[in-house]
Amino acid sequence: MPTVKETVAAISKLLVLSYIIDWIFIVGIALIGYGFYKQPQNHHPFSLTDPTISYPLSEETVTTTTLILVCLFAPAILILLGSWLLVPAKATSASTYNPSSTSNPTPKPPAAQSIRRKFWEWNAGWMGLALALASAWTATQGLKVLVGKPRPDMLARCDPDVSRVTEFTVSGLGSSVSGAATLVSWEICRNQGRMLRIDGFASFPSGHSSFSFAGLIYLTLWLCSKFSVAFPYLPRYPVEDQRHIDDSTSVRKRGAAPPVYLMLIAFVPTATASFIAASRWFNYRHHGFDILFGSALGVFFAYIAFNMYHLPIRRGAGWAWGARSRKRAFVRGVGFPSSLGNDGWAGEWALDGDVEGAGVRDMVVRGQGAQGQGRIKPEGSEGEAVRLEG
């Protein structure tokens with residue numbers, strides 16, 4: 001059983017550095033978004049008779065401060081607590097060399113190894129959350145600056161000088177064709193402060209929608225993973241037997257729905273994100289398409305970030321992917337046919353450079369000597385880390 005000193009010494013400093021650099025790049029993505037936010041805004045021409053930008057200026061139901069607290073800090077705290085409270089300790093140690101043997105019980109996992117596993121789950125959870133939010137923020141701010149779409153309450157912010165319409169006309173046939181639209185530039189507004197100049201032309205896409213769905217959909221996926229909330233899964237026929245008789249071999253025994261209270265817990269974040277997005281509609285801050293696009297943007301980045309750091313919900317037993325191999329901390333190199341399996345970023349058996357991996361490899365060698373060719377089987381429902389099959 002490795003001691004704390006041996007566990008710490010076994011951690012690759014190069015591998016730790018590679019993940020520190022990952023964090024630096026995630027922060028860099030967010031800083032790029034801040035740079036977009038500080039850029040001069042484009043201002044799309046508009047018509048003074050356009051009813052879609054003639055809504056009144058109202059108070060925000062969900063302020064930016066509330067948005068950050070609910071979609072950044074709340075998920076981060078829940079992931080921190082969940083990583084240390086929900087991750088079991090016994091899954092951090094190799095199982096018995098012979099599962100059928102009663103003479104070789106499963107050893108109690110060392111405290112250092114247990115803490116290391118919990119810390120990694122915490123790190124992976126936060127990295128995914130940070131990547132989702134930073135990416136959504138940057139993409140949203142870049143699009144806002146480029147598009148410069150007027151908000152639904154833009155004319156209320158603008159207070160246009162209607163006596164100077166001709167001076168600020170940029171397009172349209174309103175002056176020569178009856179009923180035709182006349183498009184004017186934003187300089188016609190008497191109020192040219194920040195509330196109009198920057199915020200008034202930031203309708204597309206909805207930042208509240210993208211940020212809330214990025215953070216809270218990620219949290220929903222994380223909770224579904226940890227609580228095993230997923231559709232019951234059955235491989236396609238004829239991979240599985242299709243007998244429906246009432247015994248233990250029935251195909252109906254292969255899966256079941258999770259408890260409803262777990263579903264409610266997992267989908268509260270999604271409902272919260274939906275409310276935040278809807279508030280941008282009834283507060284007249286965004287048009288419908290802006291909200292839908294921002295929501296889709298957030299879901300897209302949440303999905304990518306979760307799957308980068310976590311095993312599939314149905315098959316992952318709630319675990320995050322392991323760390324990269326120390327040999328492939330920065331680059332995988334040319335000549336590997338795919339990023340999957342033993343030739344991917346994690347290295348051989350996804351255990352290269354790990355204290356747990358060293359123990360498992362020793363176990364495999366012994367298993368090969370005693371039982372012939374052995375192979376590693378993923379964790380079972382009993383929480384065993386690995387098993388050998390002859």
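## A tour of the predicted chain

Colour the protein chain by secondary structure first: it comes to eleven helices and five strands, where helices (H or I, at least four residues) and strands (E, at least two) are DSSP runs numbered from the N terminus. The model is predicted, so local features need pLDDT of at least 70 and side-chain atom pairs count only at pLDDT 80 or more, while totals for chains, interfaces and linings use all residues. Residues are numbered from 1 along each chain as its sequence is written, and side-chain values use heavy atoms, with hydrogens and water left out.

Of the 390 residues of the protein chain, 40% count as buried; here buried means under 20% relative accessible area, exposed over 50%, and partly exposed in between, computed with a 1.4 Å probe on protein chains only. Among contacts (heavy atoms within 4.5 Å) between residues at least 6 apart in sequence, 76% join residues at least 24 apart.

**Stop one: the disulfide**

Select Cys158 and Cys189, which a disulfide joins with an S to S distance of 1.9 Å; a disulfide is counted as a pair of cysteine sulfur atoms within 2.5 Å, and a search of the whole structure finds one. Cys158 sits in helix α5 and Cys189 in the loop between β3 (182–184) and α7, so that the pair links distant parts of the chain, 31 residues apart. The torsion about the S-S bond of Cys158 and Cys189 is about -100°, and the disulfide is therefore left-handed. Both ends are buried, Cys158 with a relative accessible area of 0% and Cys189 with one of 3%. Two further cysteines can be shown alongside for burial: Cys71 is buried at 0% relative accessibility, and Cys224 is buried with a relative accessible area of 4%.

**Stop two: a network of salt bridges**

Next select Glu60, Arg151, Asp153, Arg157, Asp199, Arg280 and Arg285, which are linked in a network of salt bridges. A salt bridge here is a side-chain nitrogen of Lys or Arg within 4 Å of a carboxyl oxygen of Asp or Glu, and by this rule the count comes to twelve.

Centre the view on Glu60, which is partly exposed, with a relative accessible area of 27%. Glu60 forms a salt bridge with Arg280, the closest N and O atoms being 2.8 Å apart. This pair links distant parts of the chain, with Glu60 in the loop between β1 (46–47) and α3 (64–85) and Arg280 in helix α9 (residues 260–282), 220 residues apart. Arg280 counts as buried, at 2% relative accessibility.

Keep Glu60 in view and add Arg285, whose salt bridge with Glu60 has its closest N and O atoms 3.9 Å apart. Arg285 lies in the loop between α9 and α10 (288–309) and Glu60 in the loop between β1 and α3, so the pair ties together parts that are 225 residues apart in sequence. Arg285 also counts as buried, at 8% relative accessibility.

Then move to Asp199 and Arg151, which form a salt bridge with closest N and O atoms 2.9 Å apart. Asp199 is in the loop between α7 (194–197) and α8 (207–227), and Arg151 in the loop between α4 (111–147) and α5 (154–158), so that this pair links distant parts of the chain, 48 residues apart. Asp199 counts as partly exposed at 31% relative accessibility, whereas Arg151 is buried, with a relative accessible area of 4%.

**Stop three: helix α10**

Select α10 as a whole and look along its length: at 1.5 Å a residue its 22 residues should span 32 Å, and its end C-alpha atoms are 32 Å apart, which agrees. The expected span is 1.5 Å times one less than the number of residues.

Which residues of α10 are buried? They are Asp290, Ile291, Gly294, Ser295, Leu297, Gly298, Phe301, Ala302, Ala305, Phe306 and Tyr309. These residues cover an arc of only 160° around the axis, which puts them on the same side of α10; the arc is that of the directions from the helix axis to the C-beta atoms. What covers the buried residues of α10 includes α4, α8 and α9. Turning the helix to the face away from its buried side brings up the exposed residues Phe289, Leu292 and Tyr303.

**Last stop: Ser135**

Finally select Ser135, which is found in helix α4 and counts as buried at 13% relative accessibility. Leaving out residues up to four places away in sequence, Ser135 touches Ile29 and Phe301. The side chain of Ser135 also reaches the backbone oxygen of Leu131 at 2.7 Å.

Conventions. A polar contact is a pair of N or O atoms within 3.5 Å; within protein, one must be able to donate a hydrogen and the other to accept it, and residues adjacent in sequence count only if both atoms are side-chain atoms.
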